[in-house]
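Me: Could you pick one single part of this structure and look at it closely with me? I am in my first year, so please go step by step and show me how it connects to the rest.

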Amino acid sequence: MKKRILLAPSILSSDFARLGEEARRVEQGGADWLHLDVMDGIFVPNLTFGAAVIAALRPHTALFFDVHLMITQPERYLDDFIRAGADLLTLHLEACGEAGLPEALKTIRAAGKKTGLSIKPGTPAEGLFSYLEQIDLALVMTVEPGFGGQRFLPETLPKIKALREEISRRGLDVILQADGGINEETIAGAARAGADCFVAGSAVFGASDPAQAIARLRQRADPIPQ
Ligand code: DX5
Ligand code: ZN
């Protein structure tokens with residue numbers, strides 16, 4: 001059976017003074033997940049929010065919380081994000097020590113949460129291959145992480161393809177997420193390359209009608225839904 005496309009609006013492009021309402025708006029608009037971008041000003045040159053804000057937002061929506069940790073040594077804060085209500089924690093391969101990574105993934109799964117691992121545009125897809133059995137989601141950044149509203153980098157498409165092929169070859173059930181510059185023009189290419197989960201910040205929250213934007217993105221990614 002064909003797998004369903006998942007759409008994860010990124011709260012980064014929403015009105016931070018009204019996070020609860022913004023989350024509900026995309027929940028009612030048909031979003032599958034809510035993508036939460038945590039940045040520390042060190043791993044990426046921008047700062048956003050941490051576990052306290054996620055915990056405050058948790059009661060406002062039933063959406064699955066897809067937490068993208070763009071922070072150095074994320075293992076320091078895993079328990080905080082788990083307690084805050086994260087459903088999935090995605091770490092960056094480049095942000096974790098090789099030694100600490102398997103342990104961090106184990107901690108997340110032991111708490112009953114999903115694990116994700118991400119790579120920046122300059123990191124080869126093969127970097128994720130040895131972790132595919134330990135993760136529920138592989139995230140290919142399709143822009144340099146740090147800011148919303150950037151242009152999609154088409155040179156990342158072969159990495160999506162390589163990961164999709166490896167996931168299929170091993171018969172694994174790993175979600176393949178694309179994040180950055182996803183809009184009505186770029187989503188189809190990412191879907192064709194093999195992504196099945198799409199983060200969209202400005203394309204959803206910047207639209208006058210987020211529900212319509214979500215529906216259009218879904219249609220472009222999966223023209224023949226099953
Ligand atoms: C960028 C973040 C993205 C960002 C995407 O570092 O990881 O999730 O919110 O925003 P758009 O969709 O506007 O590129
Ligand atoms: Zn993100």
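## A loop residue and its surroundings

Reply: Gln73 has a relative accessible area of 44%, so it counts as partly exposed: that value falls between the 20% limit for buried and the 50% limit for exposed. Please keep in mind that this is a predicted model. Gln73 sits in the loop between β3 and α3. Its backbone deserves a second look: phi is positive here, about 45°, although Gln73 is not a glycine.

From this loop we can go two ways, to α3 or to β3. Let's take α3 first. This helix covers residues 78-84 and holds both Arg83 and Asp80, three residues apart, about one turn of the helix. Their side chains meet in a salt bridge, with 3.0 Å from N to O. How exposed is each partner, Arg83 and Asp80? Arg83 has a relative accessible area of 66%, which is over 50%, so it is exposed. Asp80, at 32%, counts as partly exposed.

Now the other way, to β3. This strand spans residues 64-70 and is one of the elements that give two or more residues to the lining of the largest pocket; the others are β2 (33-39), β8 (197-200) and α7 (202-205). The space in this pocket comes to about 280 Å³. Of its 29 lining residues, Phe147, Gly148, Gly149, Gly180 and Gly181 are the closest to the centre. Sorted by character, the lining has 12 nonpolar, 13 polar and four charged residues.

There is also a metal to meet. Which residues hold the zinc ion (ligand 2)? The protein donors are His35 through NE2, Asp37 through OD, His68 through ND1 and Asp179 through OD, at 2.1 to 2.3 Å from the zinc ion. Along the chain, these donors follow the spacing H-x1-D-x30-H-x110-D. You can read this pattern against the residue numbers: the x1 stands between His35 and Asp37, and the x110 between His68 and Asp179. Both His35 and Asp37 are buried.

What is the arrangement around the zinc ion (ligand 2)? Six donor atoms surround this ion, and the angles they subtend run from 71 to 171°, so the arrangement is octahedral. For comparison, the ideal angles for six octahedral donors are 90 or 180 degrees.

Just ahead of β2, in the loop that follows α1 (19-28), lies Asp32. Its side chain meets that of Arg218 in a salt bridge, 3.1 Å from N to O. Arg218 belongs to helix α8 (residues 210-221), so this pair, 186 residues apart, links distant parts of the chain. Asp32 has 14% relative accessibility, which is under 20%, and therefore counts as buried. Arg218, at 22%, is partly exposed.

You can set this beside a pair within a single helix. Lys161 and Glu165 are four residues apart in helix α5 (residues 157-169), so about one helical turn separates them. Their side chains form a salt bridge of 3.3 Å, N to O. Lys161 is partly exposed at 46%, and Glu165 counts as partly exposed at 46% as well. Salt bridges can also share partners, as they do in the network that joins Asp15, Arg18, Glu21, Glu22 and Arg25. In total, the structure holds 16 salt bridges.

Finally, let's compare distance along the chain with distance in space. Gly97, in the loop between β4 (88-92) and α4 (101-110), is 10 residues from Asp87 in sequence, yet their C-alpha atoms are 23 Å apart. Lys3, in the segment before β1 (6-9), is 193 residues from Asp196 in sequence, but here the C-alpha atoms are 7.7 Å apart. Lys3 is partly exposed, with 40% relative accessible area, and Gly97 is partly exposed too, with 38%.

To return to where we began: Gln73 is the partly exposed residue with the positive phi, in the loop between β3 and α3.

Technical notes
Residues numbered from 1 in each chain as written. Chains lettered and ligands numbered in written order. Predicted model: local features only at pLDDT ≥ 70, side-chain atom pairs only at ≥ 80, totals over all residues. Heavy atoms only, no water. 1 Å grid on protein atoms, 1.4 Å probe; cavity = no way out; pocket = protein on both sides within 12 Å on 5 of 7 lines; lining within 4 Å. Points joined across faces, edges and corners; volume = space filled by probe spheres on them. Nonpolar A, V, L, I, M, F, W, Y, C, P; charged D, E, K, R; others polar. Donors = N, O, S within 2.8 Å, 3.2 Å for Na, K, Ca; no water. Tetrahedral: all angles 85-135°; square planar, octahedral: opposite > 155°, others 65-115°. Buried < 20%, exposed > 50% of the residue type's maximum accessible area, 1.4 Å probe, protein only. Salt bridge = Lys/Arg side-chain N within 4 Å of Asp/Glu carboxyl O.
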